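Visitor: I should like to learn how the inside of a protein model is read. May we look at one together?

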Amino acid sequence: PPRILDEIVDDSTVPVNVETYSDTRTYGWWEDNTFYNEIVGQGDHKFKGYTWFDFFNDYLASDIRSKIETNCVVNQINWQSHPAEVETSPMVSRRG
């Protein structure tokens with residue numbers, strides 16, 4: 001896989017086992033009796049049978065999944081703290 005995936009994971013002990021393929025394509029066209037061709041997408045890769053969601057879920061979300069809170073209101077974020085501290089409160093359902 002492209003090295004950028006290893007950089008995103010940022011953990012040399014975690015092997016990134018994702019199948020990708022090069023998405024380089026050649027396009028050609030005629031213009032004023034001259035044929036032109038152009039290679040586009042050089043260096044681009046796509047996942048094979050995989051998505052960005054799968055990648056983030058498999059390689060990144062596992063470390064933070066236990067810290068994700070749903071159905072709550074974020075009251076305050078302290079960015080000066082390392083890691084950042086987030087103050088939340090339960091959501092109040094208001095049905096009319």
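Guide: We shall discuss a core, one residue beside it in the discussion, and a pocket. Please keep in mind that this is a predicted model.

Visitor: Which residues make up the largest nonpolar core?

Guide: The general idea comes before the case. In soluble globular proteins, nonpolar side chains tend to be buried together. Here the largest nonpolar core has seven residues: L5, V9, V16, V18, F47, F55 and Y59. Helices α1 (3–9) and α2 (52–59) each contribute at least two residues to this core.

Visitor: With which residues is F55 in contact, leaving aside its neighbours within four places in sequence?

Guide: With those neighbours set aside, F55 contacts L5, I8, V9, V16, V18, F47, Y50 and L60.

Visitor: Is I8 buried, exposed or partly exposed?

Guide: Residue I8 lies in helix α1. Its relative accessibility is 30%, and because buried means under 20% and exposed over 50%, I8 counts as partly exposed. Beyond residues up to four places away in sequence, I8 touches W52, F55, F56 and L60.

Visitor: How is a pocket found, and what lines the largest pocket?

Guide: Rolling a probe the size of a water molecule over the atoms shows where empty space is left. In this model, the largest pocket has a volume of about 190 Å³. Its lining consists of K67, I68, E69, C72, V74, A84, V86 and T88. By class, five of these are nonpolar, one is polar and two are charged. Strands β5 (72–78) and β6 (85–90) each supply at least two lining residues.

Visitor: How far apart are I8 and K67?

Guide: From C-alpha to C-alpha, I8 and K67 are 20 Å apart in space, and 59 residues separate them in sequence.

Definitions and conventions:
Residues numbered from 1 in each chain as written. Predicted model: local features only at pLDDT ≥ 70, side-chain atom pairs only at ≥ 80, totals over all residues. Heavy atoms only, no water. Core = buried A, V, L, I, M, F, W, Y, C linked by side-chain atoms within 4.5 Å. Buried < 20%, exposed > 50% of the residue type's maximum accessible area, 1.4 Å probe, protein only. Helix = DSSP H or I, 4+ residues; strand = E, 2+ residues; numbered from the N terminus. Contact = heavy atoms within 4.5 Å. 1 Å grid on protein atoms, 1.4 Å probe; cavity = no way out; pocket = protein on both sides within 12 Å on 5 of 7 lines; lining within 4 Å. Points joined across faces, edges and corners; volume = space filled by probe spheres on them. Nonpolar A, V, L, I, M, F, W, Y, C, P; charged D, E, K, R; others polar.
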